[in-house]
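Visitor: I would like to learn how to read a protein structure. Could we look at one together and take its features in turn?

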Amino acid sequence: IAAVIVAHKSSVKEILDMRRAFEKIDTEKDGVITIDEFKTAMAECDEYSDEEVNAMFDHIDVNKNGTIMYTEFVAATLELHGRVEEKRLAEAFDHIDDDDSGYISKENLKKLLGESGTPERIERLIGSADSDGDGRISFEEFLVMFRKDNIAAVEDEIVTETETVADHVISEEG
């Protein structure tokens with residue numbers, strides 16, 4: 001969810017640049033970056049050992065499916081370039097915390113997700129970040145979730161939403 005909100009808050013140019021970079025690396029044009037495609041792209045830098053490139057790939061491939069999905073790429077790119085500042089995360093948090101309680105609650109997520117916010121999905125989302133077990137997400141928990149890439153634990157839940165946001169922005173640009 002955080003990646004979706006942050007991506008939405010990112011400028012059109014930033015999102016388009018990330019999309020273009022992803023598509024340039026994805027030479028097979030199958031919507032994911034394989035280890036071979038990643039190594040080819042990183043070879044252009046000529047700064048990293050094979051071991052370092054493998055470690056980077058493993059770090060970005062948060063769901064450990066052997067490929068880098070677009071949302072994983074966006075999250076890693078935003079982090080890498082320092083574009084995910086605490087201010088943007090605070091904006092994303094405030095957007096989700098629409099009742100200004102200081103927490104992201106199940107109700108906040110129901111409003112945000114609409115019909116796609118099934119009780120099971122909302123429980124999974126809360127559970128992915130709620131480290132103190134109080135049934136809601138504080139700003140500190142939100143920061144930890146984002147910074148440790150725990151957002152990828154819900155990767156399959158947000159792939160469609162992130163691509164929809166990016167595609168919408170691209171269609172507005174074009």
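**Reading the model, feature by feature**

Guide: Let's start with a pocket; please keep in mind that this is a predicted model. The residues lining the second largest pocket are Ala-21, Lys-24, Ile-25, Thr-27, Glu-37, Thr-40, Ala-41, Met-42, Glu-44 and Cys-45.

Visitor: What shows where empty space is left?

Guide: The general idea is to roll a probe the size of a water molecule over the atoms, which shows where empty space is left. Here, the second largest pocket holds about 190 Å³ of space.

Visitor: Which elements give two or more residues to the lining of this second largest pocket?

Guide: They are helix 2 (12–25) and helix 3. Helix 3 gives the most, with four residues.

Visitor: And how many nonpolar, polar and charged residues are in that lining?

Guide: Sorted by class, the lining of the second largest pocket has five nonpolar, two polar and three charged residues.

Visitor: Let's move on to salt bridges. How many does a search of the whole structure find?

Guide: The search finds six salt bridges. To read one, look for a side-chain nitrogen of Lys or Arg within 4 Å of a carboxyl oxygen of Asp or Glu. Take Asp-50 and Lys-39: their closest N and O atoms are 3.5 Å apart, and they form a salt bridge. This pair links distant parts of the chain, with Asp-50 in helix 4 (residues 50–60) and Lys-39 in helix 3 (residues 35–43), 11 residues apart.

Visitor: Are Asp-50 and Lys-39 buried or exposed?

Guide: Each falls in between. Asp-50 is partly exposed, with a relative accessible area of 47%, and Lys-39 is also partly exposed, at 28% relative accessibility. The reasoning is that buried means under 20% and exposed means over 50%, so values in between count as partly exposed.

Visitor: Which salt bridge could I look at next, and where does it lie?

Guide: Try Lys-110 and Glu-107, whose side chains meet in a salt bridge at 3.2 Å, N to O. Both residues lie in helix 7 (residues 106–113), three residues apart, about one turn of the helix. In general, an α-helix has 3.6 residues a turn, so residues three or four places apart point the same way. As for exposure, Lys-110 is partly exposed with a relative accessible area of 40%, and Glu-107 is partly exposed with 45%.

Visitor: Which residues of helix 7 are buried?

Guide: Asn-108, Leu-109 and Leu-113 are buried in helix 7. They lie on the same side of helix 7, because they cover an arc of only 115 degrees around the axis.

Visitor: What follows helix 7?

Guide: Gly-114 follows helix 7, and its phi is positive, near 60 degrees.

Visitor: Could you show me one more salt bridge?

Guide: Gladly! Arg-136 and Asp-134 meet through their side chains in a salt bridge of 3.1 Å, N to O. Arg-136 is partly exposed at 33% relative accessibility, and Asp-134 is partly exposed at 36%.

Visitor: Now for the whole protein: how many helices and strands are there?

Guide: The protein has 10 helices and four strands. Along the sequence, they follow the pattern α-α-β-α-α-β-α-α-β-α-α-β-α-α. Of the 174 residues in the protein, 44% are buried.

Visitor: What about contacts between residues at least 6 apart in sequence?

Guide: Among those contacts, 58% join residues at least 24 apart.

Note on methods. Residues numbered from 1 in each chain as written. Predicted model: local features only at pLDDT ≥ 70, side-chain atom pairs only at ≥ 80, totals over all residues. Heavy atoms only, no water. Buried < 20%, exposed > 50% of the residue type's maximum accessible area, 1.4 Å probe, protein only. 1 Å grid on protein atoms, 1.4 Å probe; cavity = no way out; pocket = protein on both sides within 12 Å on 5 of 7 lines; lining within 4 Å. Points joined across faces, edges and corners; volume = space filled by probe spheres on them. Nonpolar A, V, L, I, M, F, W, Y, C, P; charged D, E, K, R; others polar. Arc of directions from axis to C-beta. Contact = heavy atoms within 4.5 Å.
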